[in-house]
Amino acid sequence: MHYIELLERALSGEHLSQEEGIELFHHAPTAELAATADAMRRQRKPDGKVTWIIDRNVNTTNVCVANCKFCNFYRIPGHAEAYINTVESLRPKVIETFRYGGEQLLLQGGHHPELGLEYYTRLFRGLKAEFPQLKLHALGPPEIAHIAKLEGMSHRQVLETLAEAGLDSLPGAGAEILNDRVRRLISKGKCGGEEWLEVMRTAHQLNITTSATMMFGHIETIEERFEHLVRIRAVQSQKPESAKGFLAFIPWPFQDDGTLLRRHKGIRNTVTGDDYIRMIALSRIMLPNIINIQASWLTVGKAVAQICLHSGANDFGSIMIEENVVSAAGAPHRFTADGIQAAIREAGFEPQLRNQQYEYRALPAQMEQQVINY
Ligand code: SF4
């Protein structure tokens with residue numbers, strides 16, 4: 001089928017198949033993909049606002065036994081630089097986050113071989129007791145799967161227990177590419193693709209909101225990339241009517257700096273600005289049932305991310321008061337609260353602060369600009 005026909009079907013709300021997505025990937029010009037994705041963005045977000053959030057990415061522990069080949073963040077158990085955070089060690093960071101106008105921690109970490117449910121529930125309860133207004137966007141599906149295995153519990157039991165202790169929403173971390181050939185090669189110690197999706201399905205049944213991600217541009221084939229999109233869309237279609245499910249989809253290119261994948265296998269990030277813009281547009285086109293598509297300025301920089309706002313994206317993500325994982329593999333870009341809003345305006349949109357539920361929030365009357373020093 002000609003690509004124009006496929007784009008028209010996407011615009012009318014149809015779910016294109018994996019093969020049809022691949023057809024667009026290979027044959028549709030960037031301008032056509034961007035125009036269709038932009039029209040689909042306007043159908044879903046007609047107010048011309050581009051959302052952003054102030055939050056802080058902090059880590060529970062850097063101890064991990066998963067050995068992902070793209071990760072420079074983790075330390076093996078017993079390493080001199082290994083740490084486990086507690087309410088006490090996180091307290092100053094939370095206080096600083098509020099000073100900068102944030103109200104949320106994106107809290108995730110490694111697969112520690114000994115930290116079970118008790119550590120996480122104690123941490124969440126302790127943080128919520130001290131900071132009741134704090135939101136916890138915490139633990140990706142691989143961590144939920146890891147805790148479930150350690151405890152001999154089901155995903156549902158772990159999620160229910162964590163939600164009861166203060167978990168507000170689940171980030172889409174650790175998806176990489178949801179195909180087990182790829183996962184065996186780059187993140188063998190993490191849960192498989194189907195288990196990742198199953199954790200999200202369960203979260204949606206429990207009315208826990210989530211997001212989905214894709215780290216692409218490493219060893220995956222184009223077929224595997226589109227399989228990833230179609231599987232995520234299928235899980236979103238299965239969510240209970242009353243649940244919001246995946247609130248956003250966030251694709252970003254593999255950051256290669258110093259990673260084992262680059263050092264041992266010579267795999268480099270070859271995703272160009274045009275490749276990324278096309279992937280953003282194709283994400284909007286392939287995922288009509290996910291309202292928000294986020295451009296990852298952290299990995300592709302301001303200029304490319306701004307073009308993405310005209311190619312299907314409607315969200316600029318977080319100013320990331322602190323970020324330790326993607327930055328450790330070379331993502332060099334930084335924004336302050338003023339800087340992110342100026343970049344959105346410069347691209348022709350109205351910046352709108354949001355919370356994790358993608359609800360609009362007013363800018364706090366008092367907020368300091370963070371000093372970027374990481
Ligand atoms: S990406 Fe996460 S799971 Fe993989 S090695 Fe790093 S910390 Fe561990």
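**View 1. Aspartate 315 and arginine 354, a buried salt bridge****.** In this predicted model, aspartate 315 is buried, with a relative accessible area of 0%. Its salt-bridge partner is arginine 354, and the N-to-O distance between the two side chains is 2.7 Å. Aspartate 315 sits in strand E9 (residues 315–318) and arginine 354 in the segment after strand E10 (350–353), so the pair ties together parts of the chain that are 39 residues apart in sequence. Arginine 354 counts as buried too, because its relative accessibility is 2%, and the cut-off for buried is under 20%.

**View 2. A network of shared salt bridges****.** Here we're looking at Glu194, Glu198, Arg201, Glu227 and Arg231. Salt bridges with partners in common join these residues into one network. For context, a search of the whole structure turns up 24 salt bridges.

**View 3. Helix H7 and its buried face****.** H7 covers residues 155–165, and its buried residues are His155, Val158, Leu159, Leu162 and Ala165. Look down the helix axis and they fall within an arc of 125°, so they line one face of H7. What do the buried residues of H7 pack against? Their neighbours are helix H5 (117–130), helix H6 (141–151), strand E5 (169–170) and helix H9 (193–205). Just after H7 comes glycine 166, which has a positive phi, near 130°.

**View 4. Arginine 125 and glutamate 164, a link from H5 to H7****.** These two residues form a salt bridge, with the closest N and O atoms 3.1 Å apart. The pair connects distant parts of the chain: arginine 125 belongs to helix H5 and glutamate 164 to helix H7, 39 residues apart. Arginine 125 is partly exposed, at 40% relative accessibility. Glutamate 164, with a relative accessible area of 60%, is exposed.

**View 5. Glutamate 118 and arginine 122, a salt bridge within H5****.** This one stays inside a single helix: the partners are four residues apart in H5, which means about one helical turn separates them. The closest N and O atoms of glutamate 118 and arginine 122 are 2.4 Å apart. Are the partners buried or exposed? Glutamate 118 counts as exposed at 53% relative accessibility, and arginine 122 counts as exposed at 58%.

Methods
Residues are numbered from 1 along each chain as its sequence is written. This is a predicted model: local features need pLDDT of at least 70, side-chain atom pairs count only at pLDDT 80 or more; totals for chains, interfaces and linings use all residues. Side-chain values use heavy atoms; hydrogens and water are left out. Buried means under 20% relative accessible area, exposed over 50%, partly exposed in between (1.4 Å probe, protein chains only). Helices (H or I, at least four residues) and strands (E, at least two) are DSSP runs, numbered from the N terminus. The arc is that of the directions from the helix axis to the C-beta atoms. Contact means heavy atoms within 4.5 Å. A salt bridge is a side-chain nitrogen of Lys or Arg within 4 Å of a carboxyl oxygen of Asp or Glu.
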